[in-house]
Amino acid sequence: MSYLVLARKWRPRKFSEVRGQPHAVRALSNAISAKKVHHAWLFAGTRGVGKTTLARILAAALNCEADAAPEPCGECGSCVSIQEGSFVDLMEVDAASRTKVEQTRELLENVQYAPTEGRCKIYLIDEAHMLSASSFNALLKTLEEPPPHVKFLLATTEPRRLPVTVLSRCLQINLRAMDSETIAGQLTAICKGEEVNAEPGALARIARAAGGSMRDALSLLDQAVAYGGDAVRETDVADMLGGADQPSIVHLLNAIAVGDGEALLGGARELRERLADPANILAELASALQRLALIQAVGASVVDEDDQPDTLAPLAEALPADQVQLLYEIAIQGRSTLPLAPDPGLGLEMTLLRMLAFQPDAAAKHVREGRKDAGGQGPVSAGGGLTRTGATEPVEEGAMPGSPPLSMEKQTLTADSWPETVRGLDLQGLPGEIAAHSELVQAKNECLHLRLDGQHENLLTDDALKELRVALIATLPAFREVEIEIAGAGQGGTLAGRDRETERRRQQRAEREFRADPFVQASLDIFGNDIEIGSIRPIDGGQSLPGQ
């Protein structure tokens, strides 16, 4: 029984059938229409995006018997034989298997002779970066000055491996990885043409798994049709890819939203029993959270119907926007650290437990009360912000000198206590320097207002300010913004100022103690000298010694 795979059966034969590469189609069509087709073209891009397909369509357009520029007719003898690979004047070479210089010279032996059937003789060299240096040298002269009836079409996934002498003689077209929406649309059309019953969610999942490659997507569709018995279902595709279907992902997110650890781990273990890959589960979680963020920010209309926004809408209301953002970061970070876990399954469970532990205050309160009902200990609440077990309490409003103290985990935060707070942050580099030379002006409306000593204004670069904001907001989760103003010399309410004052007092105490020492006094009397200014340095332990 003969079967033609979908990737070959549905390969575009005209420019109008090409999807996802409008810039390439436009350049080639315009060149053909204007009869200004360059003698050497380089198609560059990742696998399965249409490099050799576009090269064959170009070869067909240049040799079409109907001469229907810029689009080949696709029906004449030349067009059909080019698509079938039997056109005499199309020399298609896989450079990976013909790397030797002798093979390249053999290929070019007949380049000066006129084409046998068509108007142009086409040399299509696939994976051109695999040619040896000697082969490139043998090709170079012909590539630079070919006969008028010859066109060179090179395709490669790694254009940077080609010599610059070759690159400079070609018109390069960079093909893009296709977006999942374009791929899903093409898969839908193909399933309709093949009379295959396919669920939209299943095709959307295949499109995402293809990683921008239409050919990979068609191969996965072939596999899904075989797996599902001429029907493509989302649950089957999820099992086939080792991932999780949307209902399972929604179940996990619902468990996180209500703080149900038992349901969360139970859902994860059920997926693992279905041989779902932990990395794929976290990827699906991150994808669902991204769609939740879109729904919260813009509305369900921006989410593709294939992703079933109706099933996500209740979660978009149940989960606060800041928690969605945090859960997305945890999913991404958890996926990247899976190779470091003792076992991928354990790494998945720890990532999910981390999602359960870090929550906005409302959800944390629900979890805390639920655990207390069961006689357990709930997490410490951080009012208005993110919370975790043992987390520091957030800053309250009114951090002005003389104002009531601001509560922080049985501690207080005022303008006077701000320097010690900065010391506890243990910031490094420029962010640490900025914090050390800043004093707390006000903490109000989820905003920390700091004043930077004007002598250190040069520290305030955009990157340093961004790092400082991230660190402060992460440590003081009740705040969402950090404002810094520039003022004159600090008034002592900074960590750097406090450290300077502490050091000055240590220095004075060291000098007093040193001068008061009987041995030192006797030595000064005997030799009639005085102590050199700046020669005394305090040391740890409260002792002091003269400098050398």
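## The largest cavity

The lining of the largest cavity breaks down into five nonpolar, two polar and one charged residue (Ala, Val, Leu, Ile, Met, Phe, Trp, Tyr, Cys and Pro count as nonpolar, Asp, Glu, Lys and Arg as charged, and the others, Gly among them, as polar). This is a predicted model, where local features need pLDDT of at least 70 and side-chain atom pairs count only at pLDDT 80 or more, while totals for chains, interfaces and linings use all residues. Residue numbers start from 1 along each chain as its sequence is written, and side-chain values use heavy atoms, with hydrogens and water left out.

So what lines the largest cavity? You'll find Val93, Arg98, Gln103, Thr104, Leu107, Ile125, Leu131 and Leu139 there. Helix 5 (residues 101–107) gives the largest share of that lining, with three residues. The space inside is about 60 Å³. A cavity here is a set of points on a 1 Å grid over the protein atoms alone where a 1.4 Å probe fits but cannot get out, and lining residues have an atom within 4 Å of a point. The volume is the space filled by probe spheres set on the points, which are joined across faces, edges and corners.

## The second largest cavity

The structure has two cavities of 30 Å³ or more, and the second largest holds about 30 Å³ of space. Its lining is made up of Arg205, Arg208, Ala244, Gln246, Ile249, Glu284 and Arg291. By class, that's two nonpolar, one polar and four charged residues. Helix 9 (200–209), helix 12 (246–258) and helix 14 each put in at least two of them.

## Helix 14 against helix 17

Helix 14 (residues 278–297) also packs with helix 17 (residues 344–357), at an angle of about 25 degrees and with the axes 9 Å apart. That makes the two roughly parallel (angles under 35 degrees count as such). Axes are lines fitted to C-alpha atoms, for helices over the stretch in contact, and angles run from 0 to 180 degrees between N-to-C directions.

Which residues of helix 14 make the contact? They are Pro278, Ile281, Leu282 and Leu285, and they meet Pro344, Gly345, Leu348, Thr351, Leu352 and Met355 of helix 17. Contact means heavy atoms within 4.5 Å. Sorted by class, this contact has eight nonpolar, two polar and no charged residues.

## The whole protein

Overall, the protein has 23 helices and 16 strands (DSSP runs numbered from the N terminus: H or I of at least four residues for helices, E of at least two for strands). Of its 548 residues, 45% count as buried, meaning under 20% relative accessible area with a 1.4 Å probe and protein chains only.

Definitions and conventions
Angles under 35 degrees count as roughly parallel, over 145 as roughly antiparallel, 65 to 115 as roughly perpendicular and the rest as oblique. On a 1 Å grid over the protein atoms alone, a cavity is a set of points where a 1.4 Å probe fits but cannot get out, and a pocket is an open set with protein on both sides within 12 Å along at least five of seven lines; lining residues have an atom within 4 Å of a point. Buried means under 20% relative accessible area, exposed over 50%, partly exposed in between (1.4 Å probe, protein chains only).
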